[in-house]
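Me: Pick one part of this model and take me through it closely, then work outward to whatever surrounds it. Keep it chatty, but spell out your cut-offs as you go.

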Amino acid sequence: MIDTILGKRRHVRDYDANHIPSKYLVDSLLKLAWHVTPSKNNIMPYQVNVFGPENKKEKKIIYKNCVSQEDYINSFNNNNYFENDYDAPGLNPEYANILKAPYVLLFTTRLEKNPNKNVLRNVVKGRHYDALNIDTIPKINDLVSLEVGMFVTALCGLCMENDLDISYTMAFRQERHFWNELVNKKNYEIVEHRPVLTMTIGKATLYRTLDYDDYKPNPERIIKYYD
Amino acid sequence: MIFNILQKLRHIRQYDETYIIDKTLINDLLYKTWKVTPSKNNFMPYKIHVIGPDNNEFKKQIYKNCVSQEDYMNSFNEKNIGNKLNDNYKNILNCSYLLVFTSRIETDPNPMQKMHVNQGIYLEPLSEKGISSYLDTISLEVGLFANTLAMLCLENNLDISYTLCFRRDLSFWKKLPFIKNRPILLMTVGKGKISRRQEMEKIGQSVLDYKPSYDKIIEFVNEDVTKDIK
């Protein structure tokens with residue numbers, strides 16, 4: 001049953017502009033995902049920044065950041081002749097969903113400044129937590145990413161159950177200065193530490209076409225048994 | 001349904017060691033997870049080493065590894081408590097199945113990936129150098145895989161636990177020669193008997209161990225979300 005629900009997920013290229021999920025629904029699904037997602041030491045060292053239907057400017061910043069990362073990363077390939085034309089009228093189809101989605105979620109690393117009482121008690125006893133210190137938080141980048149992966153799996157399932165589509169994007173500039181323009185209502189930079197993942201939510205009108213040459217490695221290559 | 005299933009998730013300290021899980025069930029759940037888990041460019045740049053019920057020696061080595069990491073981490077606190085709080089790792093010793101997720105270099109890319117390389121696209125999972133700068137993406141994808149597997153296990157009345165406290169350096173994994181790439185996550189599967197939550201409740205400490213509030217984690221940016229939330 002779970003696999004049937006999650007099996008409905010497909011990468012979205014275009015969302016329906018006439019079908020805007022209510023903020024109430026998106027907020028409710030996020031609450032449920034927050035409730036059931038585990039976190040090491042209950043710290044949840046990440047933040048989910050939600051850009052709604054009106055945040056067009058912010059979505060454009062995120063989109064440009066993704067396209068720019070594509071150019072940057074391809075410069076490591078010696079055959080590189082694939083470069084984005086920023087003046088071209090069309091959108092890069094891989095990232096168009098960011099501009100078209102009613103909701104864009106940007107997950108970022110979060111420093112915990114006010115941990116729960118159990119963590120505080122353990123610190124006094126002599127335990128160390130990288131997630132509590134600005135100097136050590138970069139050491140847990142992989143852990144933060146892993147926990148974000150768990151959060152979005154729960155959220156994805158909840159969206160699928162409610163007939164909403166989602167897409168993930170992991171190609172964007174990591175360096176903070178690429179995110180300076182993205183500020184909240186208090187004019188604070190949203191990406192204080194590191195961007196982790198972009199996720200879009202809406203009702204799809206177009207999915208990425210399945211290509212039979214683009215298959216996953218078979219399960220025997222991924223899963224090894226030691227009886 | 002998703003919510004009701006995931007709500008059953010508890011960190012397990014003691015599994016029922018007499019409970020036998022049919023290997024075909026584990027195999028089936030892993031296959032279903034593989035089938036529905038997405039991956040950037042379809043690489044799945046990770047491997048899952050499944051250590052079965054009879055492999056106690058491997059489990060013991062991994063348990064020691066976790067305790068050693070706790071010692072190491074706590075040495076950064078002046079009052080260093082050492083590894084006195086290692087009850088959280090007992091599940092590694094008494095689980096039915098222990099899954100070790102590691103990174104994986106793709107040596108046999110699919111035709112689409114090959115075409116992309118020829119077009120001038122750079123794909124990190126194809127080289128050791130690329131994979132080392134790709135660890136965050138691999139970890140995120142392992143999170144996608146593991147939580148899907150967790151849901152399938154819970155749906156089938158099995159329990160699971162995650163452990164993220166272990167030595168990442170491969171020099172600490174020499175007694176498990178099949179671990180050739182960076183370990184990312186430990187996950188145990190079995191029939192739970194005692195959870196961490198139950199033990200904390202017994203001594204009246206569960207109230208101390210809460211998550212950060214929803215408002216600390218989720219922010220609707222530049223919008224008054226209360227507008228249409230009644």
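Reply: Let's start with burial: a residue is buried if 20 or more other C-beta atoms lie within 10 Å of its own, exposed if 12 or fewer, and partly exposed in between, with the C-beta atoms placed from the backbone. By that count, 43% of the 227 residues in chain A are buried. Keep in mind that this is a predicted model, where local features need pLDDT of at least 70 and side-chain atom pairs need 80 or more, while totals for chains, interfaces and linings use all residues. Residues are numbered from 1 along each chain as its sequence is written, with chains lettered from A and ligands numbered from 1 in the order in which they are written.

The part I'd pick is β2(A), residues 46–51. Helices (H or I, at least four residues) and strands (E, at least two) are DSSP runs, numbered from the N terminus. Is this strand enclosed or open? 6 of the 6 residues of β2(A) are buried, so the strand is largely enclosed by the rest of the structure. In a regular strand, side chains alternate between the two faces of the sheet. Here A:Y46, A:V48 and A:V50 sit on one side, A:Q47, A:N49 and A:F51 on the other, and all of them are buried, so both faces are covered.

Now for the neighbours. Strands pair through backbone hydrogen bonds, parallel or antiparallel, and I call two strands paired if DSSP finds at least two bridges between them. Within its own chain, β2(A) runs antiparallel to β3(A), residues 103–109, with 6 bridges joining them. A:V48 has A:F107 as its bridge partner there. The other partner comes from chain B: β7(B), residues 218–220, pairs with β2(A) in the parallel sense over 3 bridges. A:V48 turns up again here, standing opposite B:I218, while A:V50 has B:F220 as its bridge partner.

Zoom out and you get an open sheet of 5 strands, in the order β4(A)-β5(A)-β3(A)-β2(A)-β7(B), with mixed pairing. Its edge strands are β4 (165–169) of chain A and β7 of chain B, each paired on one side only. From one strand to the next the twist averages 20°, where axes are lines fitted to C-alpha atoms, for helices over the stretch in contact, and angles run from 0 to 180 degrees between N-to-C directions. α6(A) packs on this sheet, touching β2, β3, β4 and β5 (195–202) of chain A, and its direction makes about 5° with that of β5(A). Contact means that the C-beta atoms of two residues, placed from the backbone, lie within 7 Å.

There's a second sheet to look at as well. It is open too, with 5 strands in the order β7(A)-β2(B)-β3(B)-β5(B)-β4(B) and mixed pairing. The edges here are β7 of chain A and β4 (159–163) of chain B. The twist averages 20° from strand to strand. β4(B) and β5(B), residues 183–190, pair antiparallel over 5 bridges, and B:Y162 stands opposite B:M187. Helix α7 of chain B, residues 135–155, packs on this sheet, touching β2 (46–51), β3 (97–103), β4 and β5 of chain B, at about 5° to the direction of β5(B).

How many residues does the contact between the chains take? It uses 81 residues from chain A and 81 from chain B. On the chain A side, β2 and β7 are among the elements that supply at least two residues each, but α6(A) gives the most, with 14. That side divides into 36 nonpolar, 22 polar and 23 charged residues; Ala, Val, Leu, Ile, Met, Phe, Trp, Tyr, Cys and Pro count as nonpolar, Asp, Glu, Lys and Arg as charged, and the others, Gly among them, as polar.

As for the chains as wholes, chain A comes to 7 helices and 7 strands, and chain B to 9 helices and 7 strands. The C-alpha atoms of chain A fill a box of roughly 60 × 50 × 45 Å along the principal axes, while the trace of chain B spans about 60 × 60 × 45 Å. In chain B, 41% of the 230 residues count as buried. Among contacts in chain A with a separation of 6 or more, 82% are between residues 24 or more positions apart; for chain B, 81% of contacts between residues at least 6 apart join residues at least 24 apart.
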